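Please look through the structure below with an eye to how two of its chains meet and how one helix is placed.

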Amino acid sequence: MIQERRAIGVPVIRAARFVLAHVPDLVMSGSKPRRELARQGEVLRTQLRAHLRSFRDAVAYPPHQVLIGNQVPELLYEFPRPWHMRPMDNAPAVGAAGMIIDQDTFYAWLARADTANLIVLADAYAPRIAAGLDGVRVSTRDAAGLARAVSAGAEPFHCDGLDGAVRVAGVVLPADDEDESLRAPVLLENLAAKVTGALALRRLRDEVAPHEPVDFLLGSGEEAVGDRYQRGGGNLAKAIGELAGVRTPGGADVKAFCAGPVHALILAGALIAAGVHRRVVVVGGGSLAKLGMKFRGHLTVGYPILEDVLAGMAIDVVADDGRSPELRLDAAMVHRIDDGGAGHHMYGALAQAPLRTLGLRLSDVDRFAVELHNPDITEPAGSGDVPGTNYTMLAALAARAGEITREQMPAFVRAHGLPGFSPTQGHIPSAIPYLPHAILGLTEGTMTRVQFIAKGSLFLGRMTGMSDGASVLLERNAQFMRKGVTS
Amino acid sequence: MIDLKDKLVLALGERDGVPGPALEACAVSAGAQVIYSATQCFA
Amino acid sequence: MDLEEQGTIKRVVEGSERSRMVVLLGTPNKGSTTMIALTLTQGDPSYAGPLAGVPLGLPIHHILEPEVRQAIPADVYAREIGPLEFVLDATGISAALKSVRAR
């Protein structure tokens, strides 16, 4: 008997989870600190260490509480900046949209994630994380052995010793002495992405429909996993699934710089709509390279080093469940080769054009989620308020289209925009952090539609001068609307 | 007014300002030749 | 401006026909405009890069300066720059460049 053709369905975004790994001692391994330390050595190291935050401070940090879903983003409008001066005492490390883990927990997971005998822990450190290592076989060496390994190319990771001094907690060994793609720093970067992505996936699967099998994983991070012959081979998605204990799906990676996750959402939605899969999770791990990226600015103004967290995320895309917000594939948009790269070109193409096809204006969207970088991180470094600039451009386009006057632009920004609250973890801040809040607003709240717009800087790879971007529109579920909620 | 005709332009663009390709298009339309173009991201 | 880019620019500028060269900036605000303009006219202020202590001696302009706008065909400018004119701080940027030139 011939199988009936599967119906074209409506995809929905059911949930999103974020995990933050607070790793202050890995700030030194971030790309910018590492390069500056190589030039300035001990003086800078002492200065940096003096500005690191404690786990408690990282948990109490208001933007982190927003990211894991314990607070709404709008709360940050009430708090004067800089926000680290307004800690939320007794704030929990777990929330409706995720959790914050400490460095010891992260290091234990690094060992758990190691399938190639790359991690060696210090004899003195291993007992500290014994509980997290339950069931995991890991090598240990004494301090002298680790020092020898570092001289031979291993990458150390540190912790505060029990005596308060900085100690080597362990090292990552190079996988090959001559292969540049398998150098220890690269492997540590990739393991960090694998761990944070897996923790977010695990959290999602444990909390959301744990008995519903995941059919496919779409990786969307900016790491490069490979070896000398295939430097960007990829598919970290499958490795993330394996580590998370989610064994039913297949996987593949979508590579598009910071726009990766939103591109992946469009593809996930299409797979669901076409009936290829019933449950697709978009995953992405954190960026170790971006730790401490703007540390110079923070030192100058006396802030703590705010880029001390790795972020991982997982987004659940399934067939219409009659409740979750619909992913309007007929208003999904990608930036095309012929589109220009300036701000108005990007938002004209990614925001206005798809809305126009539905007969909508910018003003008809309750909220836009754009690049949501925390301005406390970016402003001291001279990069300005990234969300602010983006929202101002959207407002300018609304004015140009005659929806509002120039004078009404600030009010438009306040009504349709958001304060930035995301760590500067590359693809993570690109619209996605607003998902848990949007889902709430589009179900239990009163919102009707939210547009997510991401941009990618392809020119960084030196293969093109182009920018890129993608956008998706989330709408209140049509069936949910009929239950008496006005549009 | 400055004259860009036949000038050799180094276009230093920024993603959050005016990116390289936009600067290039402007310079070329004014009769200049662009000998270097870059776009910085998150400088 | 990072060190690698300083090196590239130095190499490009050391080529021939220096007298015809002009720098055209697309920086988004006053602060970043001042920083880049200073690096290119007086040399890297952090004394860390290839342009440390090396003034390039090239004229520097910003695409949002009125005198630059007037040199570009209006339809091209409207298409390529458009609303960036009032989304970015054009006045602050012009003032920043005037100030650097005066040093």
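The paragraphs that follow treat the contact between chains B and C, and then a helix of chain A.

This is a predicted model, in which local features need pLDDT of at least 70 and side-chain atom pairs count only at pLDDT 80 or more, while totals for chains, interfaces and linings use all residues. Residues are numbered from 1 along each chain as its sequence is written, and chains are lettered from A and ligands numbered from 1 in the order in which they are written.

In chain B, 28 residues are in contact with 29 residues of chain C, contact being counted where C-beta atoms, placed from the backbone, lie within 7 Å. The elements of chain B that give two or more residues to this side are β1 (8–14), α1 (20–29) and β2 (33–40), where helices (H or I, at least four residues) and strands (E, at least two) are DSSP runs numbered from the N terminus. The largest share, seven residues, comes from β1(B). That same strand, β1(B), pairs with β1 (residues 21–25) of chain C in the parallel sense over five bridges, pairing requiring at least two bridges found by DSSP between the strands. Within β1(C), M21(C) stands opposite L8(B).

In chain A, helix α9 (residues 260–273) has 14 residues, which at 1.5 Å a residue should span 20 Å, in agreement with the 20 Å between its end C-alpha atoms; the expected span is 1.5 Å times one less than the number of residues. α9(A) is mostly covered, with 11 of its 14 residues buried (20 or more other C-beta atoms within 10 Å of the residue's own, all placed from the backbone). Among them are H263(A), L267(A) and I272(A). After α9(A) comes G275(A), whose phi is positive, near 80°.

Methods. Two residues are in contact if their C-beta atoms, placed from the backbone, lie within 7 Å. A residue is buried if 20 or more other C-beta atoms lie within 10 Å of its own, exposed if 12 or fewer, and partly exposed in between; C-beta atoms are placed from the backbone.
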